[in-house]
Amino acid sequence: MRYFVLVYCESRLKTIPNIPPAGSPAQRAKIMARCANPGQFIRVARWLLPILSITSIITLSVGLVWGLVYAPADWQQGETVRIMYIHVPMALLASIGYFLLALCGAASLIWRHPIANIAAREIGPVGAMVTALCLITGSLWGKPMWGTWWVWDARLTSVLLLFFLYLGHIALIRGFDDAQRGYRAASILALAGVVDLPIIKFSVKWWNTLHQADSITWMHAPSMSISMLAPLAICMTGFLLGFAALVTGRVKAALLEVKLRRSRATSLLGMSGLETDGPGIVMRVEKAESGR
Amino acid sequence: MNAHYTFISIAYGVTVTALAVQAILCCLRLRRIRRQIRAFQSQQPQKR
């Protein structure tokens with residue numbers, strides 16, 4: 001029996017084509033080319049966007065109703081603890097959003113990835129919005145619990161700094177006449193600002209802060225009841241899906257705008273009878289068109 | 001207790017409204033760009 005199994009396995013192995021080892025330069029280049037293809041992104045976004053939107057709406061409806069109505073009140077904080085179901089996901093998304101911004105910045109500076117700049121441009125406003133929501137909901141939670149809207153606490157101040165980093169990124173990307181210079185400056189800011197993320201994470205450990213320590217950690221069991229943890233996990237998933245849907249939709253719209261501008265520029269050149277010298281003249285006409 | 005519910009309502013209201021506004025703006029932007037693409041394609045001469 002063992003002999004037949006071995007013979008069968010050997011015959012199957014012979015049919016497998018010669019696959020280059022994972023992570024080889026050729027394979028990496030192929031993956032990068034596939035990821036850098038705007039047309040591919042638009043095709044993927046066509047089916048991904050409705051899935052993300054519908055699942056986020058369903059998950060958020062369940063999570064928010066559970067958190068607002070059915071989850072138990074805290075023995076110490078009372079009903080106010082229900083703000084946690086939106087405050088914690090917003091704080092998580094603010095950090096994830098900035099991390100994505102830094103990844104886009106690295107991809108733009110190192111590989112000149114064509115979608116990275118557009119993705120960074122579109123992630124910025126959504127990230128700034130969730131960071132603002134994190135600060136607002138935190139303030140609304142702080143007033144009844146701490147007796148004040150704001151304290152210059154390490155955690156709060158580092159999140160405020162993150163908000164300003166987002167605003168700086170948005171301003172830099174849109175502030176230059178030459179878009180490429182703006183993208184470059186914004187990428188450098190995104191990479192430099194990523195140092196704020198570990199400060200946010202560990203600020204409650206490094207300094208004596210008014211903000212409470214993390215209730216959910218990788219190493220230890222969560223310090224909250226499962227009846228609170230379950231709606232929180234659902235809300236976090238829902239907001240994460242919603243964030244992904246928003247970013248995908250915005251990047252898709254931005255790519256379609258670029259495609260339309262390029263088509264208009266090419267058409268304009270065709271009508272004027274000029275010959276194009278590759279992408280250079282198309283980009284110059286496109287720039288003039290967008291500047292009108 | 002009522003004051004607590006006021007804070008909770010404001011927090012939920014602000015968050016859901018902000019997300020909904022972002023989603024609506026994104027949908028409108030996508031619709032506008034699709035219309036512009038369709039208009040551009042209809043202006044182009046048919047190739048044989």
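Is A:Leu101 buried or exposed? A:Leu101 is buried, because its relative accessible area is 0%, and under 20% counts as buried. Keep in mind that this is a predicted model. The legends below start with the whole chain and then zoom in.

**View 1. Chain A is built from helices, with 10 of them and zero strands.** Walk along the sequence and you read α-α-α-α-α-α-α-α-α-α. Of the 292 residues in chain A, 41% are buried. Take the contacts between residues at least 6 apart in sequence: 72% of these join residues at least 24 apart.

**View 2. Helix α4 of chain A agrees with its expected span.** Here's a quick check you can follow yourself. α4(A) has 28 residues, and at 1.5 Å a residue it should span 40 Å. The C-alpha atoms at its ends are 39 Å apart, so the two values agree. Just as a reminder, an α-helix has 3.6 residues a turn, so residues three or four places apart point the same way.

**View 3. A:Leu101 sits in helix α4 of chain A.** We're back with the residue from the opening, the one with 0% relative accessible area. Leaving out residues up to four places away in sequence, A:Leu101 touches A:Ala120, A:Ile123, A:Gly124, A:Tyr166, A:His169 and A:Ala190. Now look for A:Ala230, which is 129 residues from A:Leu101 along the chain. The C-alpha atoms of this pair are separated by 29 Å.

**View 4. A:Ser108 is another residue of helix α4 in chain A.** A:Ser108 is a serine, and it's buried, because its relative accessible area of 8% is under 20%. Which residues does A:Ser108 touch, not counting those up to four places away in sequence? They are A:His113, A:Ala116, A:Asn117 and A:Ser187.

**View 5. A:Arg112 follows α4(A) and has a positive phi.** This arginine lies in the loop between α4 and α5 of chain A. Its phi is near 55°, a positive value in a residue other than glycine. Why point that out? Most residues other than glycine have a negative phi. A:Arg112 is also exposed, because its relative accessible area is 61%, and the cut-off is over 50%.

**View 6. Two cysteines, A:Cys104 and A:Cys235, are both buried.** A:Cys104 has a relative accessible area of 13%, while A:Cys235 has 0%. How many disulfides does the structure hold? The count is zero over all chains. For A:Cys235, the nearest cysteine sulfur is that of A:Cys134, 15 Å away. A disulfide needs the sulfur atoms within 2.5 Å, so A:Cys235 is in no disulfide.

**View 7. The largest pocket holds about 1500 Å³ of space.** Lining this pocket are 50 residues, and the closest to its centre are A:Val88, A:Arg155, A:His211, A:Asp214 and A:Ser215. Which elements give two or more residues to the lining? In chain A they are α4 (84-111), α5 (114-146), α6 (154-175), α8 (196-206) and α9 (226-272). Sort the lining by class and you get 32 nonpolar, 14 polar and four charged residues. How can you find a space like this at all? Rolling a probe the size of a water molecule over the atoms shows where empty space is left.

Methods:
Residues are numbered from 1 along each chain as its sequence is written. Chains are lettered from A and ligands numbered from 1 in the order in which they are written. This is a predicted model: local features need pLDDT of at least 70, side-chain atom pairs count only at pLDDT 80 or more; totals for chains, interfaces and linings use all residues. Side-chain values use heavy atoms; hydrogens and water are left out. On a 1 Å grid over the protein atoms alone, a cavity is a set of points where a 1.4 Å probe fits but cannot get out, and a pocket is an open set with protein on both sides within 12 Å along at least five of seven lines; lining residues have an atom within 4 Å of a point. Grid points are joined across faces, edges and corners, and a volume is the space filled by probe spheres set on the points. Helices (H or I, at least four residues) and strands (E, at least two) are DSSP runs, numbered from the N terminus. Ala, Val, Leu, Ile, Met, Phe, Trp, Tyr, Cys and Pro count as nonpolar, Asp, Glu, Lys and Arg as charged, and the others, Gly among them, as polar. Buried means under 20% relative accessible area, exposed over 50%, partly exposed in between (1.4 Å probe, protein chains only). Contact means heavy atoms within 4.5 Å. The expected span of a helix is 1.5 Å times one less than its number of residues.
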